[in-house]
Amino acid sequence: MISIDLQSRVPIYEQLYKKITELIIKGVLAENDQIPSVRALAKELGVNPNTVAKAYQELERNNIIYSLSGRGSFVSKINDGTIRNYILSDFDDSVNGALKAGITREELKRRIDEVKEND
Amino acid sequence: MIEIKNLEKAIDGTKILDGIDLEIKKGSVFGLLGSNGAGKSTLLRHLCGVYKQDSGSVLIDGAEVYDNADAKRKIFFVNDETVQFTSFTLSELKEYYKVYYPEFSEELFEKLRKSVNLPLKKKLGTFSKGMKRQAIVIVGLSCQTEYLLLDEAFDGLDPAMRMIVKNMLFDSILDRQLTVVISSHNLREISEICDTAGMMHDGKIVFCREIDGVDNVHKLQVAFKEEYTKDDFVNAGLDVLSFKKNKSVYEIIIDGEINEITKKINTFSPIVFDSISLTLEEIFLYEMESKGYYAQDILDND
């Protein structure tokens with residue numbers, strides 16, 4: 001369920017963070033669902049457990065997951081901040097892609113306004 | 001923790017280690033990279049107390065390791081030579097090491113051995129290269145030392161075996177905070193299991209960095225109205241690893257967090273500004289280049 005790209009430029013720890021957040025936002029993982037243990041995930045992906053643990057710590061720090069000692073890690077109640085951050089970072093990626101493709105900032109700004117008008 | 005300070009060693013008049021400074025944190029997986037002959041194995045042999053240094057210090061948890069039985073009991077070294085102990089059976093190999101390591105766990109040994117189906121009573125000489133490697137890794141992990149040194153451990157292992165060995169390491173890292181130092185001439189082979197990596201060349205640690213953290217080296221493609229030199233960017237507080245100019249476009253490699261870099265570059269009013277983060281391999285290449293080495297000679301990309 002959680003997959004990463006070892007050839008990617010994005011660090012493994014960041015990929016894990018994003019992937020798990022994405023699964024929660026898209027509803028694949030629901031509140032209080034258990035997520036794989038650090039050990040299980042490290043083995044499944046073949047990556048250093050310290051790296052997986054670091055991603056989990058960061059997810060926990062941002063209240064995206066919570067852990068119960070001896071029982072594992074679980075999905076927290078999804079909060080607006082998480083969704084907002086996720087959507088905005090997705091937006092940033094799209095904007096960057098568009099800028100690289102040569103679309104100007106002005107064009108993009110106009111586009112945002114147009115989207116609003118069509119609503 | 002492993003602390004190496006200004007370690008020097010010459011063998012038969014040839015300087016092999018030329019002032020090594022290195023710290024390896026407890027519980028980390030450290031990748032020691034370098035081409036053949038860079039001095040990796042010699043460094044590892046100092047870490048496990050087999051070699052006596054000419055000068056400098058090699059400390060394990062604060063104690064000098066050479067000629068120190070207590071310190072040596074904390075370390076297990078998996079040599080890259082697979083020819084040793086060929087007349088031993090796995091069971092004899094186990095008994096041989098058990099004497100030296102008081103924390104040896106029969107239970108763990110049996111568990112690991114069963115997971116890879118290695119025979120107890122056959123001579124190691126009849127094992128394949130991969131099986132020999134597994135045999136020694138199993139014995140090493142069963143010794144339950146705090147530190148495990150692996151010299152080219154994944155060399156010659158097929159992907160399935162590599163996965164099995166990796167998983168064994170992961171269990172020990174989680175169960176008892178095992179510290180692993182693993183040498184390799186191939187970055188790709190060990191990049192996903194290390195949290196820190198150091199590059200050796202000509203008896204020196206050329207550089208060392210955390211490799212699982214946030215992305216922190218960026219390649220920028222920028223263009224400005226004015227002409228700038230590398231020094232202009234260095235003076236602006238940017239850590240420039242590489243600087244190239246092709247007509248009006250600059251290709252600059254900068255070490256640092258992208259928001260900070262963007263802020264500083266914006267003070268130059270760029271007309272074109274594009275950035276991508278680098279792959280680990282690219283980071284190594286540029287780091288080597290910035291230190292004046294030709295990385296292609298050092299990184300083995302087979």
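A residue counts as buried here when its relative accessible area is under 20%. In this predicted model, B:Y228 and B:F233 both meet that description and are buried. These two residues also form an aromatic pair, arranged edge-to-face, with 5.9 Å from centre to centre and 65° between the planes. A second edge-to-face pair joins B:Y228 to B:F268, this time at 4.8 Å centre to centre and with 85° between the planes. The pair of B:Y228 and B:F268 links distant parts of the chain, the two residues being 40 apart. B:Y228 sits in the loop between β11 (217-224) and α8 (230-235) of chain B, whereas B:F268 belongs to the loop between α9 (258-266) and β14 (270-277) of chain B. With a relative accessible area of 11%, B:F268 falls under the 20% limit and is therefore buried as well.

Over all chains, a search of the whole structure gives 20 aromatic pairs. Ring pairs also build a cluster in chain B, connecting B:F76, B:F85, B:F88, B:Y96, B:Y97, B:Y100 and B:Y101. Rings take part in contacts with charged groups too. In chain A, the charged end of A:K54 is placed over the ring of A:Y13, 5.6 Å from the ring's centre. In chain B, B:K9 lies over the face of B:Y51, and here the distance to the ring centre is 5.5 Å.

Turning to the sheets, chain B has an open sheet of four strands in the order β2-β1-β4-β5, with antiparallel pairing. Its edge strands, β2 (14-24) and β5 (63-64) of chain B, each pair on one side only. Strand β1 (residues 2-11) of chain B is joined to β2(B) by eight bridges in the antiparallel sense, and B:E8 has B:D18 in β2(B) as its bridge partner. Helix α1 (residues 40-47) of chain B packs on this sheet, where it touches β1, β2 and β4 (55-60) of chain B. The direction of the helix makes about 120° with that of β1(B).

Another open sheet in chain B has six strands, ordered β6-β7-β8-β3-β9-β10, and its pairing is mixed. At the edges stand β6 (75-78) and β10 (204-210) of chain B; each has a single partner strand, so one side of each is left without a neighbour in the sheet. From one strand to the next, the twist averages 15°. Four bridges pair β6(B) with strand β7 (residues 147-151) of chain B in the parallel sense, and B:V78 stands opposite B:L150 in β7(B).

B:L150 leads on to the nonpolar interior. The largest nonpolar core has 71 residues, of which A:L16, A:Y56, B:F76, B:Y97, B:V139, B:L150 and B:I182 touch the most other members. Beyond its neighbours within four places in sequence, B:L150 is in contact with residues including B:L44, B:V78, B:V137, B:L169 and B:I182. Another core, of 25 residues, lies apart from the largest one and has B:L7, B:A38, B:L43 and B:Y147 among its members.

Finally, B:K219 is located in strand β11 of chain B. B:K219 has a relative accessible area of 19%, which is under 20%, so this lysine counts as buried. Outside its neighbours within four places in sequence, B:K219 is in contact with residues that include B:E251, B:I253, B:D274, B:I276 and B:Y286. B:K219 and B:N68 are 151 residues apart in sequence, with 47 Å between their C-alpha atoms.

How values were computed
Residues are numbered from 1 along each chain as its sequence is written. Chains are lettered from A and ligands numbered from 1 in the order in which they are written. This is a predicted model: local features need pLDDT of at least 70, side-chain atom pairs count only at pLDDT 80 or more; totals for chains, interfaces and linings use all residues. Side-chain values use heavy atoms; hydrogens and water are left out. Rings of Phe, Tyr and Trp (its six-membered ring) pair if their centres lie within 6.5 Å; planes under 30 degrees apart count as stacked, over 60 as edge-to-face and the rest as tilted. Buried means under 20% relative accessible area, exposed over 50%, partly exposed in between (1.4 Å probe, protein chains only). A charge sits over a ring if NZ of Lys or CZ of Arg is within 6 Å of the ring centre and within 35 degrees of the ring normal. Two strands pair if DSSP finds at least two bridges between them. Contact means heavy atoms within 4.5 Å. Axes are lines fitted to C-alpha atoms, for helices over the stretch in contact, and angles run from 0 to 180 degrees between N-to-C directions. A nonpolar core is a set of buried Ala, Val, Leu, Ile, Met, Phe, Trp, Tyr and Cys residues joined through side-chain atoms within 4.5 Å.
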